Amino acid sequence: MSLSVFDLFKIGIGPSSSHTVGPMRAAVRYVERLRAAGQLERVARIETQLFGSLGLTGHGHGTVKAVILGLQGEQPHLIDPAEAELRFEASQAVGSLELGGTHAIAFDVKRDVVLHLRERLAFHSNGMRFDVFDEAGALFDSREYYSIGGGFVVDEDEARGPATAVAEVEVPYPFDSGDELLAIARRTGLCISDIVLANELVTRTEEEVRGGILEIWSVMQQCIHNGTHSSGILPGGLNVRRRGEMQREQLEAAGHTADPLHAMEWVTLAALAVNEENAAGGRVVTAPTNGAAGIIPAVVDYYTRFVPGADDEGVVRFFLTATAIGTLFKKNASISGAEVGCQGEVGSACSMAAGGLAEVLGGTPEQIEYAAEIGIEHNLGLTCDPVGGLVQIPCIERNAIASVKAITAARMAVRSDGEHLVSLDTAIKTMRDTGVDMSHKYKETAEGGLALNVSMVEC
């Protein structure tokens with residue numbers, strides 16, 4: 001499997017790539033399938049069944065809203081977050097929606113979106129099924145979809161094969177492991193970013209690749225700006241206060257200081273800002289998921305703000321290298337919190353950010369692989385236990401901590417000779433094995449950990 005940078009980094013809305021972006025994309029896919037089959041006008045009612053983690057945390061993660069918007073033909077990378085909320089509220093108020101944006105049907109969210117709290121589909125915890133009925137009330141079509149992490153979606157047919165959700169493309173430098181990636185680098189003399197760029201050029205021009213990456217970075221920068229210029233309470237009932245604006249004002253008032261950790265305060269601010277925007281349902285980029293969306297922007301912001309000689313070329317190389325590492329996680333383990341816990345989200349993002357930063361700090365391929373290994377090794381076993389089923393506690397602060405950890409990993413690695421005992425491949429396999437052993441309570445169900453022990457009253 002060869003993943004593109006544009007597969008791993010997708011523009012969408014919060015609060016979750018697997019629970020918001022994925023279900024919205026699945027709903028759009030199903031409606032377009034009906035349209036292509038000439039069946040759209042036959043639909044009198046559509047019922048969505050949400051299973052597993054989607055059922056357990058569907059309200060807190062915005063799944064219900066995402067499905068309703070997707071049924072109306074809205075795409076996560078195109079819809080305005082403010083418009084999304086208005087469209088969702090309107091569909092509930094009027095009791096109908098425009099299926100695919102063209103076909104009006106009656107719709108009652110309490111009747112037509114069913115959250116199963118104790119049932120999951122066999123293939124993946126993030127499963128959903130769409131059932132459609134005609135005017136006589138007869139079921140005439142049904143199809144299952146799975147949101148497998150990072151906004152990737154597969155249907156029931158694709159689930160019977162390799163769950164990549166990505167079309168196979170023949171590339172000049174295919175790799176399925178970190179060892180294979182390093183072997184290519186040694187054989188060709190190419191750096192990791194050049195290897196990924198060569199693969200990207202199979203489907204896009206170099207101008208398109210570089211322009212697309214800089215657009216992604218621009219959206220991330222806007223997200224940081226939005227988050228650092230916003231205050232108030234995050235939605236969902238936990239009464240979590242936004243800190244981005246207050247902390248930005250404090251740092252700007254302090255100006256340049258001799259504090260050696262001053263840069264890290266800007267790093268944590270950027271991560272907090274992005275994840276507060278995500279929790280508020282704002283415009284974010286999966287990196288590789290929404291729950292971990294703040295780590296890579298915060299580390300790239302650190303690079304552009306504090307590393308001498310930083311430029312757009314470095315930003316492009318950062319993202320290309322991060323893509324190589326993210327591909328290894330997606331292929332050999334998972335980036336889905338519902339599948340392997342938060343180690344698959346924050347852990348993979350920390351690893352990707354560490355590797356990307358090591359490249360632009362001048363690291364060798366071996367040092368980059370080492371940085372990525374450090375990033376995941378020290379996130380192994382990380383659980384996904386969102387309080388109240390919301391992507392707020394511990395998610396927001398966890399991104400800030402992981403951002404600093406990624407910078408530390410990169411700087412440690414480039415100060416080394418690249419030799420280390422634990423390979424990135426071994427660490428990724430360990431993450432996968434740990435995820436298999438992990439109780440379902442710690443896989444984005446809000447049934448264990450902090451989600452169980454922190455009450456809404458305490459918050």
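"How far apart should the ends of helix α9 be, given its 23 residues at 1.5 Å a residue? The expected span is 33 Å, and the end C-alpha atoms do sit 33 Å apart, so the two agree. That helix runs over residues 206-228. Keep in mind that we're looking at a predicted model here.

Staying on α9 for a second: quite a list of its residues is buried, including Val 209, Ile 213, Ile 216, Trp 217, Met 220 and Ile 224. There's a cysteine in that buried list too, Cys 223.

Okay, cysteines. How many disulfides does the structure hold? Zero. Take Cys 395: the nearest cysteine sulfur belongs to Cys 384, and that one is 6.2 Å away. A disulfide needs the two sulfurs within 2.5 Å, so Cys 395 is in no disulfide. Cys 395 counts as buried, at 15% relative accessibility, while Cys 191 is partly exposed, with a relative accessible area of 25%.

Next, the annotation. UniProt, in an unreviewed entry, lists residues 4-158 as "domain: Serine dehydratase beta chain". In the model that span is 37% helix and 27% strand, and its end C-alpha atoms lie 19 Å apart.

Last thing, the largest pocket. Its volume is about 450 Å³. There are 23 lining residues, and the closest to the centre are His 59, Gly 60, Gly 62, Lys 65 and Phe 88. Which element gives the most to that lining? That's α5, with three residues. Elements giving two or more are α4, α5, α6 and β5. By class, the lining comes out as 11 nonpolar, nine polar and three charged residues. That's me done, thanks."

Conventions: Residues are numbered from 1 along each chain as its sequence is written. This is a predicted model: local features need pLDDT of at least 70, side-chain atom pairs count only at pLDDT 80 or more; totals for chains, interfaces and linings use all residues. Side-chain values use heavy atoms; hydrogens and water are left out. Buried means under 20% relative accessible area, exposed over 50%, partly exposed in between (1.4 Å probe, protein chains only). Helices (H or I, at least four residues) and strands (E, at least two) are DSSP runs, numbered from the N terminus. The expected span of a helix is 1.5 Å times one less than its number of residues. UniProt positions are given in the numbering used here, feature names are shortened, and annotations may be inferred rather than shown by experiment. On a 1 Å grid over the protein atoms alone, a cavity is a set of points where a 1.4 Å probe fits but cannot get out, and a pocket is an open set with protein on both sides within 12 Å along at least five of seven lines; lining residues have an atom within 4 Å of a point. Grid points are joined across faces, edges and corners, and a volume is the space filled by probe spheres set on the points. Ala, Val, Leu, Ile, Met, Phe, Trp, Tyr, Cys and Pro count as nonpolar, Asp, Glu, Lys and Arg as charged, and the others, Gly among them, as polar.
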